[in-house]
Amino acid sequence: MELLDVLAGMAKTGRLGPVSSGADWNEVTSALGEPWDIGAMSRRRKWPRLFAYGDLELGVCRCRTVYLVCVQTWRDVVELPPSVVGGTGVFPARPGHADVVSALDRAGCSWAPYAAPASGNQCSLVVVPSGAHFVFEIPGGEEPVLNVMGLPVDGHDCSARAGGRDR
């Protein structure tokens, strides 16, 4: 399987194996094992936290719900959990805009340019209707290259009480 097949599949289904916005963190770690703990997303609180399985990054709420899913593609290679993508889970990175669009078209994913404010050296597209985003960097007048792909946040509103251990 190629990286663009994986990303187009994620955009189409809103998931990568057990990982999706709204997934139960215990189910994810049961299926994929323990991730790298990148750390708290705030200096003042322990939760939410950012975890990673290679270049698959997940934001997890204090109630242990996944609310953020993205794949970093700006490095030299992209590493994803082999148990859900097959093979070694290592792929060449930085695919071009035209290659991403072609992969989305082959997968039957309709898409549109995303007009949200971006820096001057970026452009993005959104997959309709899943809401998956692909953000591209435009290096010095060259073809845009994929920087990150993310699934939409599920609108999670944590009603769990933060005890002293979760702060």
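Which residue caps the N-terminal end of α2? Hold that thought for a moment, everyone, and thanks for coming. One reminder before we look: this is a predicted model.

Now, the cap. That role falls to D24, which places a side-chain oxygen 3.0 Å from the backbone nitrogen of N26. So let's walk along the helix from there.

Four residues of α2 are buried: W25, V28, T29 and L32. If you look down the helix axis, these buried residues fall within an arc of 90°, so they line one face of α2. What do they pack against? Their partners are the strands β2 (19-20), β4 (49-53), β5 (56-60) and β6 (66-72), together with the helix α3 (82-85). Now turn the helix around in your viewer. On the face directed away from the buried side you'll find E27 and S30, and these are exposed.

Next, the other end. Just after α2 comes G33, whose phi is positive, at about 90°. Then we reach E34, in the loop that links α2 (25-32) to β3 (36-40).

Is E34 buried or exposed? With a relative accessible area of 70%, E34 counts as exposed, because the cut-off for that is over 50%. Even so, E34 has company: setting aside neighbours within four places in sequence, E34 is in contact with T29 and Y53. You've met T29 already, as one of the buried residues of α2.

To place E34 in the wider model, pick out F91. These two residues are 57 apart in sequence, and their C-alpha atoms are 21 Å apart in space.

That's my tour, friends. Happy to go back to any of those views!

Key: Residues are numbered from 1 along each chain as its sequence is written. This is a predicted model: local features need pLDDT of at least 70, side-chain atom pairs count only at pLDDT 80 or more; totals for chains, interfaces and linings use all residues. Side-chain values use heavy atoms; hydrogens and water are left out. Helices (H or I, at least four residues) and strands (E, at least two) are DSSP runs, numbered from the N terminus. Buried means under 20% relative accessible area, exposed over 50%, partly exposed in between (1.4 Å probe, protein chains only). Contact means heavy atoms within 4.5 Å. The arc is that of the directions from the helix axis to the C-beta atoms. A polar contact is a pair of N or O atoms within 3.5 Å; within protein, one must be able to donate a hydrogen and the other to accept it, and residues adjacent in sequence count only if both atoms are side-chain atoms.
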